[in-house]
Structure formats: C-alpha cells, structure tokens
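Dear colleague,

I am handing over the structure below, and after it you will find an account of what was found in it. Please read the account with the coordinates open beside you.

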Amino acid sequence: MEFRSHMDKALAEARAAAGRGEVPVGAVIVYGDRVVAAAGNRTRELNDPTAHAEILALRAACAEAGSERLPDHDLYVTLEPCAMCAAALAAARIRRIYYGASDPKSGGVAHGARVFSHPQTHHVPEVYDGISATESENLLKSFFAGRRAP
C-alpha cells in the first residue's frame, strides 16, 4: 500500500480551530484510506480541558467503529500529542501516529513524559514526526503572535 498523508485534512481542522479562537491543533483518524473522524481543539468552546483534537477524534472514531480500540487506525495530528493524548492513543491501540510540529514544552511523545517509552504503556504505536512540520509550526506561531500583539 502506498503512503498517502492526510495531514492536509488535519491542517484544515487546525485552521478551523484557530478561527474559533482555539489553539490551532487538528487531528484526523484514518482507517485504510478513509477518514473516519476529524476534529480541532475545542477546550475553550466546551470548557473542557480534555477537548484536545486527538481526544475528540478518538471519541468519534471509537463511536464509528463501535469499539474502544482502534488497532488498524492511524492518527494524523498537527502537533506532537501531549501526555494525556498519548496515553489515550495507547489505550485505544492506535496503529500509527503521524505528527507535524514537535512540542518541546508540552509534548508527550518525543519530549516531556515520553509516554510510549514507559514500561507501563500497554501499546506503543509506530510514530512518524515532521509530516507538514513547517506549515504546522507556522500556524501555531502565527496564532500565538496574534495573541501577544498589543
């Protein structure tokens, strides 16, 4: 099977999140070549600190699959998942994670907690970083620069 990135859809979700005043992170979950769930951050809108793009996409994909486990599903997300999201992705048995921008401050995959490196982690997905990294980073930088402007 030939690799096809779905990061363009994740970036569209991130841009939509920014338009709602949310930190611009977008995620899509793919089964085969079909997008089964897509979401952007909604923590402010829902007053829910767990409403990260990955969690919302996981909830929708699990509902669509009729299962709490997604072993043949892949996640595309514009930012390195935080520790909370990484733990949820491991619990869901996501097969692969493709992410754009690294997150040295709050990441939980390659930085910070490094959830998948812990012996307590029951499942370790394949992880691929740097997919559309420049566009993901620029979207985040632009969003935060606009927040800091006087």
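In this predicted model, five bridges join β1 to strand β3 (residues 73–79), and the two strands run antiparallel. One point at which to check this pairing is Tyr-31, whose bridge partner in β3 is His-73. Helix α3 packs on the sheet, where it touches β1, β2 and β3, and its direction makes about 145 degrees with that of β2.

Strand β1 (residues 26–31) also pairs with strand β2 (residues 34–40), in the antiparallel sense and over six bridges. Here Tyr-31 appears again, standing opposite Arg-34 in β2. The two strands form a hairpin with two residues between them, and Gly-32 in the turn has a positive phi of about 70 degrees.

Taken as a whole, the sheet is open and has five strands in the order β2-β1-β3-β4-β5, with mixed pairing. Because β2 and β5 stand at the edges and have a single partner strand each, one side of each is left without a neighbour in the sheet. From one strand to the next, the twist averages 15 degrees.

Turning to the helices, α3 (residues 53–65) packs with α4 (residues 83–91) at an angle of about 20 degrees, and their axes are 9 Å apart. Since angles under 35 degrees count as roughly parallel, α3 is roughly parallel to α4. The crossing in which α3 passes α4 is left-handed. In this contact, Glu-54, Ile-55 and Leu-58 of α3 meet Met-84, Cys-85, Ala-88 and Leu-89 of α4. Sorted by class, the contact of α3 with α4 has six nonpolar residues, one charged residue and no polar ones.

Two backbone values may also deserve your attention. Most residues other than glycine have a negative phi. Asn-47, however, has a positive phi, near 50 degrees, and is a residue other than glycine. Asn-47 lies in the loop between α2 (43–46) and α3, and with a relative accessible area of 70% it is exposed. Ser-132, likewise a residue other than glycine, has a positive phi near 55 degrees. Ser-132 is found in the loop between β5 (126–129) and α5 (133–148), and is partly exposed, its relative accessible area being 31%.

With kind regards

Terms used. Residues are numbered from 1 along each chain as its sequence is written. This is a predicted model: local features need pLDDT of at least 70, side-chain atom pairs count only at pLDDT 80 or more; totals for chains, interfaces and linings use all residues. Side-chain values use heavy atoms; hydrogens and water are left out. Axes are lines fitted to C-alpha atoms, for helices over the stretch in contact, and angles run from 0 to 180 degrees between N-to-C directions. Helices (H or I, at least four residues) and strands (E, at least two) are DSSP runs, numbered from the N terminus. Angles under 35 degrees count as roughly parallel, over 145 as roughly antiparallel, 65 to 115 as roughly perpendicular and the rest as oblique. A crossing is left-handed if the near helix is turned anticlockwise from the far one by less than a right angle, and right-handed if clockwise. Contact means heavy atoms within 4.5 Å. Ala, Val, Leu, Ile, Met, Phe, Trp, Tyr, Cys and Pro count as nonpolar, Asp, Glu, Lys and Arg as charged, and the others, Gly among them, as polar. Two strands pair if DSSP finds at least two bridges between them. Buried means under 20% relative accessible area, exposed over 50%, partly exposed in between (1.4 Å probe, protein chains only).
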